[in-house]
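Good morning, and thank you for joining this session. I shall introduce one structure, beginning with the whole chain and then turning to its parts. Please look at the sequence and the model as they appear.

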Amino acid sequence: MRGSPGSSARIRRRCGHSAALLLLCLLAATSLVHPCAAQGAQPPSQAATDNASELGQLLQLFGQRSHAEARFEQSQYLAALTRPLQSTGTLAYRAPDHLEQHIQTPRSQLLVLDHGVLSMQLGRHRHSVPLADYPQLAPLLESLRALLAGDLDGLQQHFELRLQGPLTQWQLRLTPRSADLSSQLREMLIRGDHAQIREVQIQQRNGDHSIMHIEPTP
């Protein structure tokens, strides 16, 4: 079965699904920078948010490049399963575009996104694919880049944004703009304080959803 079309298709589907989860996890990891003053932040224009000034400051914090590490606990609720899938592990980011998710339980799995290539390692087996092979993930990648860069226009290209609450306890709701992305993803909900993400929720169109809790490592 090695190298068979069916096996290859299964690997590609697994990598595609893992890529979506990786991007979600890394979205949280990349925000774990040291809080910095947001002096001089300019309020974004035409921002779909209840608090445009705070959104501008929040994006400025996201735009700070740094190395970051954190631990996560994630629960995935899938319609096909009676109990949620639980996983724990670590997240890491290294500027400018090296991102990692190391799942430690229930079994070790390493996902790495680097220079546009996604690598997945399970035990001694490692498989790498160019993200260009997954155009359905392009909006998520562009939005991740936009968040890291503090690029409001890039972020709004794919999502409607709604920020609520002060920077000490904010909630950012991202709703897909395009029909392609909206057909898979209902919304993302991110909660945090200043430059620290504490929780990420993803609601998929088919009813599946996940919740991730994040704590920075010392």
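The protein chain exposes about 11400 Å², of which carbon and sulfur atoms supply 50%; such accessible areas come from the Shrake-Rupley method with a 1.4 Å probe, and for residues only the protein chains shown count as cover. This is a predicted model, in which local features need pLDDT of at least 70 and side-chain atom pairs count only at pLDDT 80 or more, while totals for chains, interfaces and linings use all residues. Residues are numbered from 1 along each chain as its sequence is written, and side-chain values use heavy atoms, with hydrogens and water left out.

Of the 218 residues in the protein chain, 44% count as buried, where buried means under 20% relative accessible area, exposed over 50%, and partly exposed in between, with a 1.4 Å probe and protein chains only. Among contacts (heavy atoms within 4.5 Å) between residues at least 6 apart in sequence, 45% join residues at least 24 apart.

The protein chain holds five helices and eleven strands. These are DSSP runs numbered from the N terminus: helices are H or I with at least four residues, and strands are E with at least two.

How are the eleven strands ordered in the sheet? They form an open sheet in the order 6-5-4-3-2-1-11-10-9-8-7, with antiparallel pairing; two strands pair if DSSP finds at least two bridges between them. At the edges are strand 6 (125-130) and strand 7 (159-164), each pairing on one side only. On average, neighbouring strands of this sheet are turned by 15° against each other, direction ignored. Axes here are lines fitted to C-alpha atoms, for helices over the stretch in contact, and angles run from 0 to 180 degrees between N-to-C directions.

Consider strand 1 (residues 68-77), which pairs with strand 2 (residues 85-94) over nine antiparallel bridges. Alanine 68 has tyrosine 93 in strand 2 as its bridge partner. Strand 1 also pairs with strand 11 (residues 209-216), in the antiparallel sense and over eight bridges; there, arginine 71 is partnered by glutamate 215.

Further along, five bridges join strand 4 (residues 109-114) to strand 5 (residues 117-122), and valine 112 stands opposite serine 119 in strand 5. Is methionine 120 buried or exposed? Methionine 120, in strand 5, counts as buried because its relative accessibility is 6%.

Finally, helix 2 (residues 52-62) lies across strand 7, strand 8 (170-176) and strand 10 (196-204), running at about 105° to strand 7.
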